[in-house]
There are 2 protein chains.
Amino acid sequence: MDNRKRIIVDMDGVLADIYSQYIKLEFNETGKKIALEDTWGKSEVEAFPNSRKHLRTKGFFKNAPVISGAVETLQKLNERFELFIVSSATQFPNSLEEKYYWLEEHFPFITWQQLVLCGSKKVIKGDIMIDDHFKNLDSFEGRTILFTQPHNFGENENLHERVSGWEEIINILL
Amino acid sequence: MDNRKRIIVDMDGVLADIYSQYIKLEFNETGKKIALEDTWGKSEVEAFPNSRKHLRTKGFFKNAPVISGAVETLQKLNERFELFIVSSATQFPNSLEEKYYWLEEHFPFITWQQLVLCGSKKVIKGDIMIDDHFKNLDSFEGRTILFTQPHNFGENENLHERVSGWEEIINILL
């Protein structure tokens, strides 16, 4: 029996820097370098016209860089909390194995028991959820922490606690 | 907002007939045909000495037959309940895509939003769970239905409702 609080951590946009991947693949495809500052307040599809295609491209998830501070902080959270990584993945079946191996490569202290790959997060129960999508946080019954990403910028500020990066998570949870 | 009760259905040993796969691969490997009746009351590893290896074999999940009655009954459950398929899969990363495509092939009415591939099911919340493993049912907060498989035969009969097949599920849930 694990009496620690259970924390649910998202992958894309929280651990994995998929905006870098969008920018890189958009540039490879069109020769146009989209500046990150021009994506604030826009949905991913608005900001990156080819993003739906790129999400299905082999290597998109496997080669994503890690978001700054994620490894060190997750290691600490993993000691303090019962931690699960829950990632939306079944929409893109090519992402399933890529996400598994990405996590194994960058977060070797996370075990296969701690990984959940799903379509909808409304079946997930826990005490704290860190995610960059309102749709995931809105149906969660515990404490909800919105991880700032360009696509959620400017959205309703009163529904969830907002953090701008992993350093802030240290401050509020550790 | 979906006001239907949420039902969580397991894949291996409930939808997918993995005992047929164990028997087939064991025979291919050793030339010995293990009779299903000799596996009752034994764990999968006790019954099939090479099962851990076969679970990692390409095609093991993709080629599993469907358990009798599963398609028709699941189709009815899918209308009456908010249904999720939740399968332990992250222990065997080769199984992730195979399970996705197996489900798509045999249960095309189940969407990607309804599939969860995980390591541990204790993060899953719902009203009813159908599973063949005690470890999954034991941590579930709702009604628990144990689907009889040789490995769970003879185990504690008082913890969960036991059904011997999909016909019985029609009787108790529909």
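Biologist: By what turn can chain A be laid on chain B?

Modeller: This is a predicted model, in which local features need pLDDT of at least 70, side-chain atom pairs count only at pLDDT 80 or more, and totals for chains, interfaces and linings use all residues. Superposing by least squares on the C-alpha atoms of residues with pLDDT of at least 70 in both copies, chain A fits chain B with an RMSD of 0.0 Å and a shift of 0.0 Å along the axis, after a turn of 180°. The two copies are thus related as by a two-fold rotation axis.

Biologist: Which elements do the buried residues of helix 5 of chain B pack against?

Modeller: Residues are numbered from 1 along each chain as its sequence is written, and side-chain values use heavy atoms, without hydrogens and water. Buried (under 20% relative accessible area, 1.4 Å probe, protein chains only) applies in this helix to B:Ser95, B:Leu96, B:Glu98, B:Lys99, B:Tyr100, B:Trp102 and B:Leu103. By contact (heavy atoms within 4.5 Å), they pack against strand 2 (82–88) and strand 3 (115–118) of chain B, together with helix 5 (94–106) and strand 3 (115–118) of chain A.

Biologist: Is A:Asp131 buried or exposed, and which side chain does a polar contact of 3.0 Å join to that of A:Asp131?

Modeller: A:Asp131 lies in strand 4 (residues 128–131) of chain A, where strands are DSSP runs of E with at least two residues, numbered from the N terminus. Its relative accessibility is 1%, so A:Asp131 counts as buried. A polar contact is a pair of N or O atoms within 3.5 Å, one able to donate a hydrogen and the other to accept it. The partner at 3.0 Å is the side chain of A:Asn136.

Conventions. Chains lettered and ligands numbered in written order. Buried < 20%, exposed > 50% of the residue type's maximum accessible area, 1.4 Å probe, protein only. Helix = DSSP H or I, 4+ residues; strand = E, 2+ residues; numbered from the N terminus.
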